[in-house]
Each structure stands twice: as C-alpha cells, then as structure tokens.
Amino acid sequence: MSTVEYEIKNTSELRQAEEAVRMGELENMRPLPRISVHAFCESEGLQRVMERCASDRRLSKVTMRITSGGTAAAANMFSNAPTPNLIILETRANPANLLAELAPLAAVCDPSTKVIIVGYYNDIGLYRDLIRNGISEYLVQPLAMPDIMGAMAAIFVDPEAEPLGRSIAFIGAKGGVGASTIAHNCAFGISNLFSTETILADLDLPYGTANIDFDQDPAQGIAEAVFAPERLDEVFLDRLLTKCSDHLSLLAAPSLLDRAYDFDGQAFQPVMDVLQRSAPVSVLDVPHAWSDWTRSVLSNADEVVICAVPDLANLRNTKNMLDALRKIRPNDKLPHLILNQVGMPKRPEISISDFCEPLEVEPIAIIPFDIGLFGNAANSGRMISEVDPKSPTSETFSQISHIVTGRVAVKKSRKGGLLGLLKRK
Ligand SMILES: Nc1ncnc2c1ncn2[C@@H]1O[C@H](COP(=O)(O)OP(=O)(O)OP(=O)(O)O)[C@@H](O)[C@H]1O
Ligand SMILES: [Mg+2]
C-alpha cells in the first residue's frame, strides 16, 4: 500500500470510528414527525449520508427524496411543485454569492418550509447572514450522518423548537350545513395538492361521518385518544390513525351510541397537542355545538372556518359565533366564512351580499348546492375531486385548501421582494 493510500484508508477509518462514537448522540433522539424532506446533493458524499439517514428508524415516518443537483435544480423543481417541510441543499457557492444564488429558490419556496444549507466555507459571517435571512441551519462539509440527523431534530423534535403543526377547525353555523363534508374535502385537498402529511380528526364522536366519507371502518381512534390522555403520545397516536390516502390519515370517531359523550372543557387539549407534534397540518371536524370543550377547541385552533347556508338562522348564528370568537381569540385573525349549499332549488335564500354585509366579512368560498355531485361522493366514499376533478366545486375546494394553509397569501407577499421570503426561519 502506498503512503497516500495508507493515509486515505487511515483517514476514512478515523472518520468511521469518530462517527461510531457520535452515533451515541442519536440514541436518545426522538423520531421525526410526518414531515417531507427533499435533499439536493452536489456531492456523492452527501448523497450517501442522506441515504443512510433515510433508512434510519427515527425517520420512518418521514417522506424523503434525494436528488443530485444544487440550488438551480431545487429552484427549477419547485417552480411548479409545492415545497416540502424541509429542504436540505448542498452548494459550493462562495460566501459572496450564496444569498444571491438562493434568491430564485426563495421566490418559489413556501414560507413554512425550513431550509438547511450544506456548504464548504467555514465562515461565521456567512452563517450569521444565512440565519438572519431565515435559513434554519448552515452545516459545513465534511458531514457525517449524526450532523444531519441532529440538525433535523433541532428543527422538528427539540422541545424548544417551534410547534410543527397547524390546526384548522371547521364548524357549522347550524346542523347539517355541510361543515364535515367541507372539512373532509379540504383535508384531502391539503394532503393531495401539497403532499403535506395531514391528519383529519373527527370530533363528532357519536355521529361523525369521516369514516363513511373515506370508506373506512377503523377502530374508534379519537375515543381512545380523548379517554386515555395519560397514554397519549406520538407512538400511541400512530396506532389510532387510519390511512386514507398517500398523505392523509384519519383519527376517526366511533359513531356509536353505546355511551354518553360528555367532556370537560380541556378534554381535547392533549389530542390537539399530540396532533400538532405529529403532522404539519391537522384538520378538526368540530360538531355544531357550543359547549366548554368546543369553545376551547375553537379558541386553540390556528384557523377557524365557519360554514353556513344563506338563511336567517345561519346568519344570526354566524354573527353570534364571530362575535364570540372575536372575544375568545382577541389576537387572532377572524374566522373564515364559507357559504355552502347555495342555490338550493325552491329554497328562499338570503342573497350573498345581504348575508355578508352585517357580518362584515367576505366569504372565502361559495359552494353551490349540487345534490348529484355531493350525493355521489358521499355514497361512494370518495371526495369531490375524485368523483369529478374538473368540476368548479373541485376547484373551489382547491382554493379553500390554499387559503386555510396560507398559500394564497404567499403568492401575494412575493411582491415584497425575493430575499424577503428567505425570512422564514
Ligand atoms: N354543496 C352541497 N350540495 C349538496 N349537498 C351537500 C352540499 N354540502 C353538503 N351536502 C350534503 O349535506 C349533508 C350534510 O352534510 P354534513 O354532514 O357535512 O353537514 P354537517 O354540517 O357536518 O352536519 P352535522 O351538523 O351533522 O355535523 C350531507 O349529506 C352532504 O352530502
Ligand atoms: Mg358534521
């Protein structure tokens, strides 16, 4: 063996030995939640490290893609595809050019997406610049698997890390207005359109229809969660979920009347907490009721959507709900309003403008009454976008999915300049 070969062998053995010691750092690492990660690797070395991360048990819930290429490949890919929860991007750009090189990617990146940059310059000034511009971490090559795992854990599992998931609660202004149907179609839309892991929780324990709407016959997911809060963690939640489609899981209601369902005010808080730690989006189908626990769910959700049909009782109830929610969520934006079943034949209706004027809110969507379409979907256990993807109602659900996850606002805010978007740490 030549001296050079010996040194190379020796260095790689040293690195392996060092890594073996450092693997111990991972022993106590909690599993990553259901996030999507896309790594762009310029070097084979990083590609190998990413492949090893992908096969680690702590990433078993993570959807990982590994592509060879750098910033340009990433910007190109995401110009017409949604960005994942985390992008890991390797670049050889020098410190002077790096921020400018990232600008095209920033322009197409959702603000909720985290970015880890893997670079080649050990430069504290560059590190500070990147962090200031919303990059979550800057790692310098050569890297070993524990470096990447540790960086991902710091963003998504560290107790100090900002909460991963956002919750969107749907409630009807009156019984039977279609709040559950809308919640289910939006949960499906969010998971499908953005490839975002989404959990739909059916909070209507006695009568919930999510199980029927998704043609599932699962165990009583949410009942076990809410009645055993002391056992409830991410692992227990996993066992209670039923997979509905690639990125959508259901926490189903028992829909049985073998017991009474009375809850104290905070009963659903542990469920909401574990959902928030487990997936980037949870959709809460809240039954039409006004009790301590529904008020607490609505007050803790990140977004509230009130669904109503355009008649007088719905108008009065929507007004009261908006006033009440304004009081219990004084620092949040107002709930969204969706008008549903509009144009039902022979039903006297209040016009959209007369309905909205006293409320002082614009509906984010108006969904026509379409008994054929909704009836077909309900009876066949499918969503509107599966039954008739080209229908205007399917497009409306897509728009609602964008709005409630803040994706439309993103497009507007792009006017604010490309690098502004990098501020999303
Ligand atoms: N736009 C629509 N056109 C026609 N039918 C609709 C429409 N939206 C919902 N429906 C139907 O209305 C019925 C009630 O819907 P859903 O169960 O979603 O209402 P809800 O507000 O959740 O009711 P609950 O008060 O029982 O929770 C369902 O049969 C559903 O298929
Ligand atoms: Mg319902």
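Buried means under 20% relative accessible area, exposed means over 50%, and partly exposed is in between (1.4 Å probe, protein chains only). This is a predicted model: local features need pLDDT of at least 70, side-chain atom pairs count only at pLDDT 80 or more, and totals for chains, interfaces and linings use all residues. Residues are numbered from 1 along each chain as its sequence is written, and side-chain values use heavy atoms, with hydrogens and water left out.

**Exercise 1. Classify Ser 255 and Glu 360 by their accessibility, and describe their backbone.**

Step 1. Ser 255 has 25% relative accessibility, so Ser 255 counts as partly exposed.
Step 2. Find its place: Ser 255 lies in the loop between strand S9 (248–251) and helix H11 (269–278). Helices (H or I, at least four residues) and strands (E, at least two) are DSSP runs, numbered from the N terminus.
Step 3. Check phi. Ser 255 is not a glycine, yet its phi is positive, about 50°.
Step 4. Turn to Glu 360. Its relative accessible area is 69%, so Glu 360 is exposed.
Step 5. Glu 360 sits in the loop between helix H14 (352–356) and strand S13 (365–368). Its phi is also positive, near 60°, in a residue other than glycine.

**Exercise 2. Describe the whole protein chain: its helices and strands, its radius of gyration and its buried share.**

Step 1. Count the elements: the protein chain has 18 helices and 13 strands.
Step 2. Compare the radius of gyration with the globule rule. The radius is 24 Å and the rule gives 22 Å for 425 residues, which is close, so the chain is as compact as a globular protein of that length. The radius is taken over C-alpha atoms, and the rule is 2.2 Å times the number of residues to the power 0.38.
Step 3. Add the box. Along the principal axes, the C-alpha atoms fill roughly 90 × 50 × 40 Å.
Step 4. Look at cover. Of the 425 residues, 51% are buried.
Step 5. Look at contacts (heavy atoms within 4.5 Å). Among contacts with a separation of 6 or more, 77% join residues 24 or more positions apart.

**Exercise 3. Test the length of helix H6 and state how many of its residues are buried.**

Step 1. H6 covers residues 145–156, which is 12 residues.
Step 2. The expected span of a helix is 1.5 Å times one less than its number of residues. For H6 that gives 16 Å; the end C-alpha atoms are 17 Å apart, which agrees.
Step 3. Nine of the 12 residues are buried, so H6 is mostly covered. Among them are Met 145, Ile 148, Met 152 and Phe 156.
Step 4. Look at the loop between strand S5 (137–140) and H6, where Pro 142 is found. The peptide bond from Gln 141 to Pro 142 is cis, with omega near 0°.

**Exercise 4. Do the length test for helix H17, and see what follows the helix.**

Step 1. H17 (residues 392–404) has 13 residues.
Step 2. From first C-alpha to last, H17 reaches 18 Å, close to the expected 18 Å.
Step 3. Its buried residues include Thr 393, Phe 397, Ile 400 and Val 404.
Step 4. Just after H17, Gly 406 takes a positive phi of about 75°.

**Exercise 5. Is Gln 341 buried or exposed, and which residues does Gln 341 touch?**

Step 1. Gln 341 lies in strand S12 (residues 336–342).
Step 2. Its relative accessible area is 19%, so Gln 341 is buried.
Step 3. Leave out residues up to four places away in sequence; Gln 341 then touches, among others, Gly 176, Val 309, Arg 347, Glu 349 and Phe 369.

Note on methods
Chains lettered and ligands numbered in written order.
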